[in-house]
Amino acid sequence: MPPRASKRKSAPPNSSSVTSSDGRSEGIEALCSDLGVDYTDVRILMLAWKLKAEKQGYFTQDEWQTGLKALGVDSLSKLKKALSDLEKEVEKPSNYEDFYTYAFRYCLTEEKQKSVDIESICELLNLVLGVQFRPQIDSLIEYLKVQNDYKVINSDQWINFLRFCKEISFPDLENYDATQAWPLILDNYVEWMREKHS
Amino acid sequence: MVLHKFGEKLYSGLVTTMTSHLKEISNSIEAAQGGLFLDELNRKWAEHNKALQMIRDILMYMDRTFIPNTHKTPVHELGLNLWRDVIIHSHAIQSRLQAILLENVRRERSGEVIDRGLMRSITKMLMDLGPSVYQDDFEKHFLEVSADFYRLESQEFIESCDCGEYLKKAERRLNEEIERVSHYLDTRSEVKITNVVETEMIESHMHRLVQMENSGLINMIVDEKYEDLGRMYCLFRRVSNGLVLIRDVMTSYIRDTGKQLLTDPERLKDPVDFVQHLLDLKDKYDKIITSAFRNDKTFQNALNSSFEYFINLNSRSPEFISLFVDDKLRKGLRGVTEEDVELLLDKVMMLFRYLQEKDVFEKYYKQHLAKRLLSGKSVSDDAERSLIVKLKTECGYQFTSKLEGMFTDMKTSQDTMQGFHASHGSDIGDGPMLSVQVLTTGSWPTQPITTCNLPAEILGICEKFRNYYLGTHTGRRLSWQTNMGTADLKATFGKGQKHELNVSTYQMCVLMLFNDADRLSYKEIEQVTEIPTFDLKRCLQSLACVKGKNVLWKEPMSKDIVDTDTFLFNDKYTSKFFKVKIGTVAAQRESEPENQETRQRVEEDRKPQIEAAIVRIMKARRVLDHNNIVAEVTKQLQSRFLPNPVVIKKRIESLIEREFLERDKGDRKLYRYLA
């Protein structure tokens with residue numbers, strides 16, 4: 001194993017550095033800085049997905065070890081490389097929806113929580129879909145911030161955001177049919193868009 | 001001759017002889033002048049027929065043997081054909097005959113008298129010669145000429161007559177033609193000539209007639225010209241789309257006037273008057289349809305759909321109809337016969353059927369009924385019950401079960417009171433008389449429980465009742481509805497004049513305080529009674545600021561009640577009546593904010609109903625697409641209200657969140673029931 005200068009490092013990357021009970025997020029942050037990746041980078045989210053992390057902000061011992069094994073990683077440099085491969089893996093259509101759904105669940109921090117506040121949703125949308133669907137996401141985020149009907153978003157609405165981006169032509173929204181089973185929030189969004197452009 | 005095989009010779013001889021003979025006749029007919037032409041023709045024809053008969057008899061043997069064998073035309077027929085060819089179709093005669101026949105018809109149409117018998121014979125002759133002869137030589141031209149005639153005449157009439165007059169003329173002409181046919185034309189011509197008249201006189205001018213200013217359809221309706229309307233109906237019925245036109249114009253008129261009525265703020269000020277107006281309108285149109293339009297079902301349907309359309313334009317219609325009923329059941333039906341009561345209630349039911357938001361009506365009806373029952377203000381118990389039965393028949397028992405519960409409570413309370421008085425009669429003695437109605441929560445409109453301290457004088461008996469009741473009904477809770485009661489107070493004023501005051505419970509609480517003090521400030525009253533501010537102010541206003549009912553005197557004399565007011569017992573109060581009613585008034589149309597509140601409550605009540613419908617449907621169908629859910633839900637709820645598709649969608653999403661339903665993973669248009 002290539003030796004590491006940082007005091008926290010040992011090879012293989014030790015789970016304890018990221019699971020200390022009083023410094024959970026610090027652990028992740030430290031990991032991030034080692035990986036040279038921003039804490040808010042989507043790749044960390046992808047890692048969480050791959051590791052099937054239950055709770056936001058930290059990995060349990062089990063998750064860490066099982067996950068790394070699955071990645072075939074036993075050193076930081078390998079982890080770094082694995083991250084970029086991970087991006088490709090996530091983008092595979094068969095995985096993408098799973099990852100997308102996971103991203104929402106990851107934000108449910110409280111027990112029995114079913115919805116996520118608008119502010120966080122906007123950030124999450126930007127993070128997860130921003131690159132692939134920039135114009136739609138920018139417009140949708142703008143709407144979410146100005147509308148008053150909903151203060152939180154539930155998983156049903158979340159999953160339909162992805163559907164919307166994938167299926168509906170933008171920005172004309174020609175093929176959107178409000179009589180279909182789209183959630184009401186999207187009906188309202190489309191109406192808002194149409195009014196804006198008329 | 002036939003027997004001797006000279007049939008051919010005989011036959012051809014016959015032909016030749018007859019032909020030349022006929023040619024002579026033809027000449028003589030042609031020679032006839034003017035009016036005698038037809039006469040001559042007719043006479044010669046009669047002669048010919050007689051001759052033919054004789055010839056046929058003579059040549060009967062040939063007719064039966066030679067002719068069939070050789071496929072020649074039989075004698076009689078031959079005779080007719082020759083007549084036709086030589087005479088009728090002779091150059092000179094053919095056109096002259098046609099012209100004279102048509103001229104006769106024209107003359108008769110202008111009012112002249114003609115020889116109908118002669119005409120009859122001639123047309124009969126043409127028919128005998130063969131239907132195609134009648135048609136080609138006469139009928140065809142007759143129809144053409146008639147068409148021209150009526151085209152011109154109708155144009156003339158339409159310029160000079162109003163609608164009613166025109167229709168009379170058209171009817172007259174039509175009848176004339178029918179009569180003409182029966183007298184001297186072939187019966188099969190009737191439908192053809194009537195068609196001509198219908199087309200030229202009615203169909204061509206249909207629209208102009210209906211829309212005619214000052215005399216068209218709308219004017220007839222407004223002025224109730226039943227005869228003219230009936231005539232129009234009968235005539236227009238004969239042409240395609242005639243009735244459709246009448247119906248459409250009438251329908252859009254009804255819709256427009258209805259819409260105006262429903263959106264006119266002046267009209268809407270008095271709900272009772274407004275509803276009466278609606279009923280009158282319906283009566284008027286019903287009468288038109290029965291007396292002039294032969295009770296035509298399609299017109300009935302058009303009327304119903306028009307009413308349904310505009311009644312629902314105003315969201316307050318349900319409330320107003322309930323107020324109308326309230327007014328009638330309170331006083332309007334006093335002295336009315338049972339039959340007439342039923343008639344009126346049936347008419348009200350008819351308006352009720354038009355309502356889309358029947359659940360809103362139910363809410364108001366319940367409120368108004370509660371007030372009526374509790375204040376004992378109903379004119380006729382039978383009438384009340386009769387209406388409930390009608391509502392039940394229309395909407396099912398669920399609609400009326402609570403209403404019936406209210407009646408039951410009233411009856412039960414009577415029994416309870418009897419029992420109470422029986423057991424406590426002796427205790428009461430000189431004390432205040434108590435009458436209690438025990439209401440089952442849930443059957444009656446929900447009321448907020450308000451604070452109110454009852455006067456000491458009646459606390460005793462109230463407690464006695466409470467104990468009595470709870471003694472016989474364990475496990476129940478009673479709370480005094482101080483905002484709904486009434487009291488009769490015996491009051492003695494300055495000069496000893498006594499009056500009996502009928503007041504609300506709140507008013508009683510306030511007035512009783514003046515037994516111990518002649519003047520009290522607002523604050524003091526508020527403190528002792530603990531009646532909520534809004535109600536207290538309204539109560540004091542009714543006791544101090546209403547002319548003829550001011551048993552209290554207010555300082556200062558302003559109209560509104562403020563915290564700093566002082567109240568005095570008005571010992572100078574006078575009234576010419578012994579009994580004075582100061583209590584709360586009858587049901588009134590809600591103020592705007594009250595209306596908003598009721599509407600909100602209605603919307604809240606609808607949500608669970610919609611959800612229940614969705615769950616019922618999905619449980620049965622398991623998987624269903626969005627549009628179908630909306631359609632089914634609407635169908636299920638339409639007897640109560642028309643659900644908003646957006647609200648339905650919201651309910652579906654709520655059910656998804658609560659995991660009753662899910663979106664199908666394969667086909668995103670579908671929803672799936674989760675067991």
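Student: Which helices and which strand each supply at least two residues of the lining of the second largest pocket?
Tutor: This is a predicted model, in which local features need pLDDT of at least 70 and side-chain atom pairs pLDDT 80 or more, while totals for chains, interfaces and linings use all residues. Residues are numbered from 1 along each chain as written, chains are lettered from A and ligands numbered from 1 in written order, and side-chain values use heavy atoms, without hydrogens or water. A pocket is an open set of 1 Å grid points where a 1.4 Å probe fits, with protein on both sides within 12 Å along at least five of seven lines; lining residues have an atom within 4 Å of a point. Helices (H or I, at least four residues) and strands (E, at least two) are DSSP runs numbered from the N terminus, and those asked for are H6 (93-106) and H9 (155-167) of chain A, with H28 (645-657) and strand E8 (661-663) of chain B.

Student: Which element gives the largest share of that lining?
Tutor: The second largest pocket is lined by 29 residues, and those nearest its centre are Thr101(A), Phe104(A), Arg105(A), Ser155(A) and Asp156(A). The largest share of the lining is 6 residues, and they come from H6(A).

Student: How many residues of the lining of the second largest pocket are charged?
Tutor: Sort the lining into three classes. Nonpolar residues number 9 and polar ones 5. The charged residues of this lining come to 15.

Student: How many residues of chain B are in the contact with chain A?
Tutor: Contact means heavy atoms within 4.5 Å. Chain A brings 18 residues to it. Chain B brings 13.

Student: What area is buried between chain A and chain B?
Tutor: Buried area is the accessible area (1.4 Å probe) that two parts lose on being put together, summed over both. Carbon and sulfur atoms give 44% of it between these chains. The area is about 1300 Å².

Student: How far apart are the closest N and O atoms of Arg663(B) and Asp156(A)?
Tutor: A salt bridge needs a side-chain nitrogen of Lys or Arg within 4 Å of a carboxyl oxygen of Asp or Glu. The interface of chain A and chain B has 2 of them. Arg663(B) and Asp156(A) form a salt bridge, and their closest N and O atoms are apart by 2.6 Å.

Student: Why does this pair join two chains?
Tutor: Over all chains the count is 64 salt bridges. The pair Arg663(B) and Asp156(A) joins two chains because Arg663(B) lies in strand E8 of chain B and Asp156(A) in helix H9 of chain A.

Student: Which three residues supply 51% of the area that domain 1 of chain A buries against domain 2 of chain A?
Tutor: By an automatic or database assignment, chain A is divided into domain 1 (15-91) and domain 2 (95-196). Their C-alpha centres are separated by 27 Å. Together the two domains bury about 1200 Å², 67% of it on carbon and sulfur atoms. On the domain 1 side, more of the area than from any other three residues comes from Leu45(A), Trp49(A) and Gln56(A).

Student: Which residues of domain 3 of chain B lose the most area to domain 4 of chain B?
Tutor: The C-alpha centres of domain 3 and domain 4 of chain B lie 25 Å apart. The contact takes 8 residues from domain 3 of chain B and 11 from domain 4 of chain B. About 760 Å² is buried between these domains. In domain 3 of chain B, 51% of what that side buries falls on Thr451(B), Cys452(B) and Asn453(B).

Student: How many salt bridges are counted between domain 3 and domain 4 of chain B?
Tutor: Carbon and sulfur atoms hold 60% of the area buried between domain 3 and domain 4 of chain B. The salt bridge count between these two domains is 0.

Student: What is omega of the cis peptide bond from Phe170(A) to Pro171(A)?
Tutor: Most peptide bonds are trans. Pro171(A) sits in the loop between H9 and H10 (184-196) of chain A. The bond from Phe170(A) to Pro171(A) is cis, with omega near 5°.

Student: Where is Pro556(B)?
Tutor: Glu555(B) and Pro556(B) are joined by a cis peptide bond, with omega about -5°. Pro556(B) is in the loop between strands E4 (552-555) and E5 (566-569) of chain B.

Note on methods
Ala, Val, Leu, Ile, Met, Phe, Trp, Tyr, Cys and Pro count as nonpolar, Asp, Glu, Lys and Arg as charged, and the others, Gly among them, as polar.
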